[in-house]
Amino acid sequence: MSVPADAPILTAAAMREAEAATARAGVSLGDLMERAGAAVADFAWRMAAGAPILILCGPGNNGGDGYVAARRLKARGVAVRVAALAPPATDLAKAARDAWDGPVESLTDNIASAPLIVDALFGVGLTRPLADDLSAMLRRFSGRRILAVDVPSGVASDGDADWLPPLAADVTLALGALKPAHVLLPTAPACGRCLLAPIGIAADRHMQTLPAPTRAVPAPDAHKYSRGMVLIASGPMQGAAALSAAAALRAGAGYVVLEGDRPAPLSAIIVEEGDAFAKRLGDPRVGAFVIGPGFPAGDALDARLAAALASRTPLVLDAAAIPAALPHLEGGDTRVILTPHAGEFARAFPEATGSKIDRARAAAAQARSVVIYKGADTVVAAPDGRICAAWPGSPWLATAGTGDVLAGACGAMLARGGDPFDAAVAAVGWHIAQARRIGAGLVADDLVAAPF
Ligand SMILES: NC(=O)C1=CN([C@@H]2O[C@H](COP(=O)(O)OP(=O)(O)OC[C@H]3O[C@@H](n4cnc5c(N)ncnc54)[C@H](O)[C@@H]3O)[C@@H](O)[C@H]2O)[C@H](O)CC1
Ligand SMILES: [K+]
């Protein structure tokens, strides 16, 4: 499972706007369909490697892409068959159907299969779940190699319904841009390897996938304070805050101070408690204050938060610190990153609806903060609507303590200065890159054990 890095993501409505803008610029929708069908034909040709191909065409333009691909594959000498669920219903699909000069079989229970199935039944136009009988019929192709056109048929491309496609794809060829369903659970795994066919649409870039990981090299004249100074508050579970502190250091902070009275996991971490730690908040060199890991709700948390908010220090808020701080964030005058997992998110933002992307965006706007909505399909949202989707992450991150590590990495990235959204995206990228580097058997401590 994979998605291309730094790729645009569009909803169906945004896709239609982009299509319309492309049409105004002089590229017809017919041209776009021809490019889409050509991209499908190219990839199907590679996947089939000479074996016969069966293309399943639906009634809309997704089916139109299928007819174009069929014509192009036949012209290349491939043994290609077409089966239609229903006659074409759009002018573009009718034209594509008319340009296909081979037979069109009916998609029924007894249709002969082929080694490669191209799923061109439904794309972004699907408005309701597939009928049960169609789903059952499609499941008969499950053992075959499946290439999905744009999205596996049956998913809600905007990611706002959890309909699973009857036929999971080995490869999904996204047309013009990725769609939310490619990067959100539960549909993303059913897309298999997701590729992007750039068909010439000028896609808005406010929603994107994670950029490729980079190694931020310190400036030639860097010193420890210029690289960022991070304070990590510690509640009764000092181990969690200690992990955050080690992560902040590993993720590039130049100076990390941890609240507590126990030795830190790395000797370079300064450990302080009481007034000595509290006074640090007045230090103008402090670039970020991390609070929440290992810190349950209560008076101690509230007092630490109040001091941090009053100091206007950039904040990373995790766990119980999120709901405790929320009423004080709506002025938007502090640079803040919130890092809720699903349960924390639901409690903090019970009114948010729609896809995970919609909910993350609504939460960021409400809290006037950057929100990292964690999970296997982590979504980062900015208050101005920007989104970065981090699917597929690393499943090895599903272990205790990795959230504390992410909070510390956010502290390091935020303390560098700059845009908190970019900082959050960099922290999520660092976290995933570390996890992929370590791989099997990872425990949270491994993420901070060696430089990336
Ligand atoms: N984005 C682009 O620039 C291009 C995209 N192309 C492809 O076009 C599809 C979207 O096409 P559209 O005609 O809007 O919708 P669909 O083909 O996905 O299907 C709509 C079709 O299906 C009917 N329908 C909806 N839900 C169901 C259901 N559950 N059961 C049965 N029938 C259903 C609906 O009434 C319509 O008739 C996009 O994904 C790309 O593949 C073009 O290539 C041009 C460039
Ligand atoms: K499809």
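Start by selecting strand β6, residues 171-175, which is mostly covered, with four of its five residues buried. Keep in mind throughout the tour that this is a predicted model.

With β6 still highlighted, add the strands that pair with it. Strand β5, residues 145-149, runs parallel to β6 and is joined to it by three bridges; within this pairing, Ala-148 stands opposite Thr-172 of β6. Strand β7, residues 193-197, also pairs with β6 in the parallel sense, here over five bridges, and Ala-174 is the residue that stands opposite Leu-196 of β7.

Now follow β5 to another of its partners, strand β4, with which it pairs in the parallel sense over four bridges. To see one of the matched positions, select Ile-117 together with its bridge partner in β5, Ile-146. Strand β4 covers residues 116-120, and because five of its five residues are buried, it is largely enclosed by the rest of the structure. Colouring the side chains of β4 by face shows Leu-116, Val-118 and Ala-120 on one side and Ile-117 and Asp-119 on the other, and both faces are covered. Strand β1, residues 53-57, runs parallel to β4 and is joined to it by five bridges, with Ile-55 having Val-118 as its bridge partner in β4.

Next, select ligand 1 and display its surroundings, a shell of 29 residues in which the closest are Gly-60, Asn-61, Asn-62, Gly-123 and Gly-125. The elements that contribute two or more residues to this shell are α1 (12-24), α2 (29-48) and α3 (61-75), and α3 gives the most, with five residues. If you colour the shell by class, you should find 14 nonpolar, eleven polar and four charged residues.

From the ligand, move along helix α2, whose 20 residues reach 28 Å from the first C-alpha to the last, close to the 28 Å expected at 1.5 Å a residue. Its buried residues include Glu-34 and Arg-35, alongside others such as Leu-32, Met-33, Val-40 and Ala-48. Just after α2, select Ala-49, which takes a positive phi of about 50°.

A further helix to visit is α9, residues 299-311, where 13 residues at 1.5 Å a residue should span 18 Å, and the end C-alpha atoms are indeed 18 Å apart. Its buried residues are Leu-301, Arg-304, Leu-305 and Ala-308. Because these cover an arc of only 100° around the axis, they lie on the same side of α9. Turn the helix over, and the face directed away from the buried side shows the exposed residues Asp-299, Ala-303 and Ala-310. To find what covers the buried residues, display β12 (286-291), β13 (315-317) and α10 (321-325), which are among the covering parts. Just after α9, Arg-312 takes a positive phi of about 60°.

Finish in the loop between β8 (207-209) and β9 (229-232), and select Leu-210 there. Is Leu-210 buried or exposed? With 24 other C-beta atoms within 10 Å, Leu-210 is buried. Setting aside residues up to four places away in sequence, Leu-210 touches Ala-5, Cys-388, Ala-390, Val-425, Val-428 and Gly-429. Draw a distance between the C-alpha atoms of Leu-210 and Cys-388, and the viewer should give a separation of 5.9 Å for two residues that are 178 residues apart along the chain.

Methods:
Residues are numbered from 1 along each chain as its sequence is written. Chains are lettered from A and ligands numbered from 1 in the order in which they are written. This is a predicted model: local features need pLDDT of at least 70, side-chain atom pairs count only at pLDDT 80 or more; totals for chains, interfaces and linings use all residues. The expected span of a helix is 1.5 Å times one less than its number of residues. A residue is buried if 20 or more other C-beta atoms lie within 10 Å of its own, exposed if 12 or fewer, and partly exposed in between; C-beta atoms are placed from the backbone. The arc is that of the directions from the helix axis to the C-beta atoms. Two residues are in contact if their C-beta atoms, placed from the backbone, lie within 7 Å. Two strands pair if DSSP finds at least two bridges between them. A residue is near a molecule or strand if its C-beta atom, placed from the backbone, lies within 6 Å of it. Ala, Val, Leu, Ile, Met, Phe, Trp, Tyr, Cys and Pro count as nonpolar, Asp, Glu, Lys and Arg as charged, and the others, Gly among them, as polar.
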